[in-house]
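Here are some friendly notes to go with the structure you sent round. They are set out as numbered points, so you can dip in wherever you like.

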Amino acid sequence: MRPVILHSLVHTTDRPGIRHWGPERITAAMARKCLRMGHQVADAVTVYETTDRDGNAVRVVHVHYGPRRWSRVLFVTDIYEIPAAALTDI
């Protein structure tokens, strides 16, 4: 089974532009923990159902944290690519 893939986008006040971290492979259990926290404290959580390049079903989840969470950070957006096969674990 493919792992969950996480990308993070960060826009800080001290550097122009958006920095990108990832792709990072994480377990379904770690994704579940992060998404639970996101539902509690994030400004927005959006779920999209789509397919990957091979036609496999995936969910793409955007978790957006606004400027009040960290100092000198305008926003952080975590993007999770979750294979449908991993959804039984989440």
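Leaving aside its neighbours within four places in sequence, which residues is aspartate 78 in contact with? The first point takes this up; please keep in mind throughout that the model is a predicted one.

1. **Aspartate 78.** The residues in question are Leu6, His7, Ser8, Val61, His62, Val63 and Tyr65, once neighbours within four places in sequence are left aside. Aspartate 78 lies in strand S5. With a relative accessibility of 12%, aspartate 78 counts as buried, because the cut-off for that class is under 20%. One of the listed residues also offers a polar partner: the side chains of aspartate 78 and serine 8 make a polar contact at 2.7 Å.

2. **Overall layout.** Starting at the N terminus, you will meet the elements in the order β-β-α-β-β-β, which gives one helix and five strands in the chain. The C-alpha atoms fill a box of roughly 40 × 25 × 20 Å along the principal axes. Of the 90 residues in the chain, 31% are buried. If you take contacts between residues at least 6 apart in sequence, 44% of them join residues at least 24 apart. The exposed area of the chain is about 6,000 Å², and carbon and sulfur atoms supply 52% of that area.

3. **The nonpolar core.** The largest nonpolar core holds 16 residues. Val4, Ile26, Leu35, Val61, Val63, Tyr80 and Ile82 have the most contacts inside this core. At least two core residues come from each of strand S1 (4–12), helix H1 (28–41), S4 and S5, and S5 gives the most, with four.

4. **Tyrosine 80.** This core residue is worth a look in your viewer. Apart from neighbours within four places in sequence, tyrosine 80 is in contact with Val4, Ile5, Leu6, Ile26, Ala31, Cys34, Leu35, Arg59, Val60, Val61 and Val63.

5. **The salt bridge.** There is one salt bridge in the count. The side chains of glutamate 49 and arginine 59 form this bridge, with 3.4 Å from N to O. Glutamate 49 sits in strand S3 (residues 44–51) and arginine 59 in strand S4 (residues 57–65), ten residues apart. How open are the two ends? Glutamate 49 is exposed, at a relative accessible area of 63%, whereas arginine 59 is partly exposed at 31%.

6. **The aromatic pair.** The structure has one aromatic pair. Tyrosine 65 and tryptophan 70 have ring centres 5.6 Å apart and planes at 70°, so the pair is edge-to-face. Tyrosine 65 counts as buried, at 3% relative accessibility, while tryptophan 70 counts as partly exposed, at 38%. Tyrosine 65 is also among the contacts of aspartate 78.

7. **Backbone points to check by eye.** Most residues other than glycine have a negative phi, and most peptide bonds are trans. Against that background, two places deserve your attention. The peptide bond joining glycine 22 and proline 23 is cis, with omega about 0°, and proline 23 is placed in strand S2 (residues 19–26). Arginine 72, although not a glycine, has a positive phi of about 60°. Arginine 72 is in the loop between S4 and strand S5 (73–83) and counts as exposed, at 58% relative accessibility.

How values were computed: Residues are numbered from 1 along each chain as its sequence is written. This is a predicted model: local features need pLDDT of at least 70, side-chain atom pairs count only at pLDDT 80 or more; totals for chains, interfaces and linings use all residues. Side-chain values use heavy atoms; hydrogens and water are left out. A salt bridge is a side-chain nitrogen of Lys or Arg within 4 Å of a carboxyl oxygen of Asp or Glu. Buried means under 20% relative accessible area, exposed over 50%, partly exposed in between (1.4 Å probe, protein chains only). A polar contact is a pair of N or O atoms within 3.5 Å; within protein, one must be able to donate a hydrogen and the other to accept it, and residues adjacent in sequence count only if both atoms are side-chain atoms. Contact means heavy atoms within 4.5 Å. A nonpolar core is a set of buried Ala, Val, Leu, Ile, Met, Phe, Trp, Tyr and Cys residues joined through side-chain atoms within 4.5 Å. Rings of Phe, Tyr and Trp (its six-membered ring) pair if their centres lie within 6.5 Å; planes under 30 degrees apart count as stacked, over 60 as edge-to-face and the rest as tilted. Accessible areas come from the Shrake-Rupley method with a 1.4 Å probe; for residues, only the protein chains shown count as cover.
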